[in-house]
Amino acid sequence: MGLDLRICPACGELAEHPVVEGSVITCPKCGHERPFRKLPLFALTGPSGAGKSTMGPLLAERFAGDVVLLEQDILWIDALRGDVTSFRSVWLRMAAMVQQNGRPVVLCGTVAPPEFEQLPERAFFSDIHYLALVGSPDSLRVRLRARPAWREWDEPRIEEMLEFNDWLRKSGPGLGVDLFDTTDASREATADHVERWIRARLP
């Protein structure tokens with residue numbers, strides 16, 4: 001059986017809208033049914049500069065095989081950059097394949113619940129838990145301005161990210177997003193919080 005849950009192992013059909021009931025997928029073309037591992041997905045989100053990428057190596061060491069940590073930016077390539085919906089769909093599809101190996105995925109990257117929750121691939125996960133790392137506008141400005149030139153953080157782009165940070169602070173909790181302010185938190189303290197948050201929600 002292939003790991004890509006959208007492809008039927010019986011007839012090879014690619015389902016644009018997977019038919020999922022519990023932990024069973026039914027092929028919309030031939031009716032073939034197959035069980036799959038349906039695990040929670042952890043979305044570590046927040047504005048750029050709040051510390052998501054810094055957490056990756058620290059958490060990978062702490063979890064030591066309990067979860068798989070992936071960085072969304074690795075697929076932020078020209079082929080997907082113009083279509084954010086396809087970018088999100090590819091990542092959910094990838095995370096669903098990874099979890100067939102028995103470990104939940106922690107997906108690091110800037111995302112908001114409306115971008116994941118409406119996608120057909122959402123059905124592959126029992127839950128999606130969201131934790132946003134946020135910061136004060138001044139702290140984010142300092143961090144983003146200090147980044148290397150190749151990352152292209154000009155002032156308009158920084159202001160756009162600050163708007164997202166403000167939106168998360170105001171609207172995130174109402175959308176089921178937990179917040180953690182990294183303005184005055186050390187890397188270790190932030191990693192401690194994220195680790196506790198994930199472990200409390202592991203199956």
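A residue counts as buried here when its relative accessible area is under 20%, and by that criterion 41% of the 203 residues of the protein chain are buried. The model is a predicted one, and its protein chain contains 7 helices and 8 strands. The points below move from the overall form of the chain to its aromatic pairs, then to one helix and one strand residue.

**Overall form**

- For a chain of 203 residues, a compact globule would be expected to have a radius of gyration near 17 Å, and the protein chain, at 18 Å, agrees with that expectation.
- The C-alpha trace of the protein chain extends over about 55 × 35 × 30 Å when taken along its principal axes.
- Among the contacts in the protein chain with a separation of 6 or more, 71% are made by residues lying 24 or more positions apart.
- The protein chain has an accessible surface of about 10300 Å², and carbon and sulfur atoms contribute 52% of that surface.

**Aromatic pairs and a charge over a ring**

- Searching the whole structure yields 3 aromatic pairs, and one of them joins Phe 42 and Trp 197, whose ring centres are 6.0 Å apart and whose planes meet at 75°, so that the pair is classed as edge-to-face.
- This pair connects distant parts of the chain, since Phe 42 belongs to strand E4 (residues 41-45) and Trp 197 to helix H7 (residues 187-199), with their positions 155 residues apart.
- Both partners fall below the 20% limit for burial: Phe 42 is buried at 0% relative accessibility, and Trp 197 is buried with a relative accessible area of 7%.
- Another pair is formed by Phe 164 and Trp 167, with ring centres 6.1 Å apart and planes at 15°, and it is therefore stacked.
- Phe 164 and Trp 167 both lie in helix H6 (residues 155-171), where their spacing of 3 residues corresponds to about one helical turn.
- Within this stacked pair, Phe 164 counts as buried at 17% relative accessibility, whereas Trp 167, with a relative accessible area of 31%, is partly exposed.
- A further arrangement involves a charge and a ring, in that the charged end of Arg 157 sits over the ring of Trp 153 at 3.7 Å from the ring centre.

**The two sides of helix H5**

- In helix H5 (residues 137-145), the buried residues are Ser 139, Leu 140 and Leu 144, and because they cover an arc of only 125° around the axis, they are placed on the same side of H5.
- The other side of H5 carries Asp 138 and Val 142, which are exposed.
- The buried residues of H5 pack against H6, the helix that also holds Phe 164 and Trp 167.

**Val 134 in strand E7**

- Val 134 is located in strand E7 (residues 128-134) and is buried, its relative accessible area being 2%.
- Once neighbours within four places in sequence are set aside, the contacts of Val 134 include Pro 47 and Ala 50, together with Asn 165, Leu 168 and Arg 169.
- The contacts of Val 134 also include Leu 179, Phe 180, Asp 181, Thr 182 and Thr 183.
- Val 84, which is 50 residues from Val 134 along the chain, has its C-alpha atom 22 Å from that of Val 134.

Definitions and conventions
Residues are numbered from 1 along each chain as its sequence is written. This is a predicted model: local features need pLDDT of at least 70, side-chain atom pairs count only at pLDDT 80 or more; totals for chains, interfaces and linings use all residues. Side-chain values use heavy atoms; hydrogens and water are left out. Rings of Phe, Tyr and Trp (its six-membered ring) pair if their centres lie within 6.5 Å; planes under 30 degrees apart count as stacked, over 60 as edge-to-face and the rest as tilted. Helices (H or I, at least four residues) and strands (E, at least two) are DSSP runs, numbered from the N terminus. Buried means under 20% relative accessible area, exposed over 50%, partly exposed in between (1.4 Å probe, protein chains only). A charge sits over a ring if NZ of Lys or CZ of Arg is within 6 Å of the ring centre and within 35 degrees of the ring normal. The radius of gyration is taken over C-alpha atoms; the globule rule is 2.2 Å times the number of residues to the power 0.38. Contact means heavy atoms within 4.5 Å. Accessible areas come from the Shrake-Rupley method with a 1.4 Å probe; for residues, only the protein chains shown count as cover. The arc is that of the directions from the helix axis to the C-beta atoms.
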